[in-house]
Amino acid sequence: MPGTLYLVPTPIGNLGDISVRCRETLENADFIAAEDTRVTLKLLNHLGIKKSLVSYYEHNKAFKGEKIVDRILAGETCALVSDAGSPAISDPGEDLVKQCAEAGITVCAIPGPCAAITALSISGQATGRFCFEGFLSTAKKSRREHLDSLKKEQRTMIFYEAPHKLLNTLEDLRDAFGADRSISLCRELTKLHEEVVLTTLGEAVQRYTETPPKGEFVLVIAGAPQETTEVVPEADAAARVAQLIEAGLSRKDAVKQAAQELNLPKNTVYEIALKIPE
Ligand code: SAM
């Protein structure tokens, strides 16, 4: 009988955020797969848990993933943790979950700290519809393509960014979405210096040009405003009706045709046509 893969979220700053269920899962697992075993060891020491650790991170995940799957298939239970927050969310885990699912292994996610959701909930931006965009690529082409694809995005957008890349990213976001777009910079969440700065992209660039950013950031950006259907100026409709009348159409037919051409309600064009002198 195969074991289970548990995804165990860990605190993103405040150690008090580890839940009873996460703690029990770490205690009961046969082994823990960790992004950085040194970081996880500190957490385990804090919790008073002694457990066998294996490393599972970006550059060994293909090889280590198979070994972990084999152990779970042989009946062991694995708890997967990242350095902070939810595994598999801009962190190692996505591939392991897929490998386990394909091998018929039960994957159980324990809810808990996630920087994206924590930031969204206190951002002051619309939370009804949102999309998570993770880190922007550092490769120029894919970064530009990613930003281009979001120019018309109407949902609130969530980005992760490292402090030393923040200013450059804010400049690119400003260039893509405009200086007036609203942004919430959610910094040092759950930590002593937790802060939410609600401002515009233009002002954010200015702010962090003057004072270099410190700490960890989640960027929550308002979506694009809804596109309004193009309003045909009254003058266009009047000019077209006059033109059609001059060409020999009756006023009624001119209104009908202009309304069709300009995709406007007949009544609207009729009102406009009334103002045209006989
Ligand atoms: N899987 C993690 C999660 O779901 O919370 C995210 C891991 S990702 C490698 C790290 C990024 O998360 C940071 O660069 C930052 O954007 C964000 N982050 C993590 N902890 C944070 C905190 N305490 N305050 C603000 N942002 C944080």
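User: What does it take for a residue to count as near the ligand?

Analyst: A residue is near a molecule if one of its heavy atoms lies within 4 Å of it. This is a predicted model, and 19 residues surround the ligand here. Ser86, Ile89, Asp91, Ala115 and Phe217 come nearest.

User: Which classes make up that shell around the ligand?

Analyst: Eleven residues of the shell are nonpolar, five are charged and three are polar.

User: How do I read the polar contacts?

Analyst: Look for a pair of N or O atoms within 3.5 Å. In this model, an oxygen atom of the ligand sits 2.5 Å from a polar backbone atom of Phe217. A backbone N or O atom of Ala115 is 2.7 Å from a ligand oxygen. With Glu216 it's the side chain: one of its N or O atoms lies 3.4 Å from a nitrogen atom of the ligand.

User: And how is the size of an interface expressed?

Analyst: Often as the accessible area lost when the parts come together. On its own the ligand has 580 Å² of accessible area, and the protein covers 91% of that. The ligand takes up the space of the largest pocket.

User: Where in the fold does the shell come from?

Analyst: Start with the domains: domain 1 (4-113), domain 2 (116-221) and domain 3 (234-273). Domain 1 and domain 2 each give at least three residues to the shell. Going down to strands, S7 (156-161) and S10 (217-221) each supply at least two.

User: How many Å separate the centres of domain 1 and domain 3?

Analyst: Taken over C-alpha atoms, those centres are 69 Å apart.

Definitions and conventions
Residues numbered from 1 in each chain as written. Predicted model: local features only at pLDDT ≥ 70, side-chain atom pairs only at ≥ 80, totals over all residues. Heavy atoms only, no water. Polar contact = N/O pair within 3.5 Å; in protein donor to acceptor, adjacent residues only side chain to side chain. Areas by Shrake-Rupley, 256 points an atom, 1.4 Å probe, with all protein chains shown as cover. 1 Å grid on protein atoms, 1.4 Å probe; cavity = no way out; pocket = protein on both sides within 12 Å on 5 of 7 lines; lining within 4 Å. Sits in = over half its atoms within 2 Å of the grid points. Helix = DSSP H or I, 4+ residues; strand = E, 2+ residues; numbered from the N terminus. Nonpolar A, V, L, I, M, F, W, Y, C, P; charged D, E, K, R; others polar. Domains from an automatic or database assignment.
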